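User: I am new to this structure and would like to understand how its descriptions are reached. Could you take me through the reasoning step by step?

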Amino acid sequence: MKYSFLLLAATATLLGACESSQTETTTRTEPSATEAANQAPAPAPSAEAPAAAAPATPAVAVKLDGSALYASTCQACHQASGQGLPNAFPSLVGSPRVNDADGKQLVNIILNGYNERDEYGVMPGYAGSMSDDKVAAVATHVRNSWGNKGSEVSADFVRKLRATTK
Ligand code: HEC
């Protein structure tokens, strides 16, 4: 009788140990599952971020430095003065293509390049390398430099033109 009690107690202890080791295993797997769960939603907020940051986009567009973009993208050909170089790059100063009512011609030239006249070289297009905001910023800069007087060009305007021109 005593022995069977001991046996029962031992079995109970064993079972208890077993159970606790099982719970341990489950609790051990749980954190990694929780970790995975914790990691899984992590990209979700960042995927939501653009939507949340959407109202901030115009602010970013405003902050883009059109002057710096001109210096890094256009100046090598059209020069800091905007006057270009004779027989190579046309002047942007007072150009009707730069100063039209809505900036359509300029944005089209920036996006798709320009190769209309024999006396000048070929201008490459920047549709593949410049975002809508950047095109808008540089276009606005060109339209308001060296005496040019053109209205501001918005990223939305660039986006629409990009979708309809090639
Ligand atoms: C690799 C040299 C080069 C770069 C860089 C370049 N262009 Fe041009 N661009 C040209 C050439 C060449 C023409 C003339 C093409 C023709 O008439 O056949 C031209 C023409 C133009 C015209 C038409 C001007 C007119 O009324 O005759 C505009 C506007 C213009 N470029 C704007 C820009 C802007 C803005 C940038 C920067 C985003 C830029 N270009 C970058 C070479 C360049």
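User: How do the residues of the shell around the ligand divide into nonpolar, polar and charged?

Analyst: In this predicted model, the shell around the ligand holds 17 nonpolar residues, with five polar and three charged ones beside them. Cys and Met count as nonpolar and His and Ser as polar, and the residues closest to the ligand include Cys 74, Met 123, His 78 and Ser 95.

User: What makes the approach of the ligand to the side chain of His 78 a polar contact?

Analyst: A polar contact is a pair of N or O atoms within 3.5 Å. A nitrogen atom of the ligand lies 2.8 Å from an N or O atom in the side chain of His 78, so the pair meets that cut-off. The side chain of Ser 95 also qualifies, because one of its N or O atoms is 2.5 Å from an oxygen atom of the ligand.

User: Where does the ligand sit?

Analyst: The ligand sits in the largest pocket, a term that applies because more than half of the ligand's atoms lie within 2 Å of the pocket's grid points. This pocket has a volume of about 480 Å³, and among the 30 residues lining it, His 78, Pro 90, Leu 92, Ile 109 and Met 123 are the closest to its centre.

User: Which helix gives the largest share of the shell around the ligand?

Analyst: Helix 6 gives the largest share, which is three residues.

Terms used. Residues are numbered from 1 along each chain as its sequence is written. This is a predicted model: local features need pLDDT of at least 70, side-chain atom pairs count only at pLDDT 80 or more; totals for chains, interfaces and linings use all residues. Side-chain values use heavy atoms; hydrogens and water are left out. A residue is near a molecule or strand if one of its heavy atoms lies within 4 Å of it. A polar contact is a pair of N or O atoms within 3.5 Å; within protein, one must be able to donate a hydrogen and the other to accept it, and residues adjacent in sequence count only if both atoms are side-chain atoms. On a 1 Å grid over the protein atoms alone, a cavity is a set of points where a 1.4 Å probe fits but cannot get out, and a pocket is an open set with protein on both sides within 12 Å along at least five of seven lines; lining residues have an atom within 4 Å of a point. Helices (H or I, at least four residues) and strands (E, at least two) are DSSP runs, numbered from the N terminus. Grid points are joined across faces, edges and corners, and a volume is the space filled by probe spheres set on the points.
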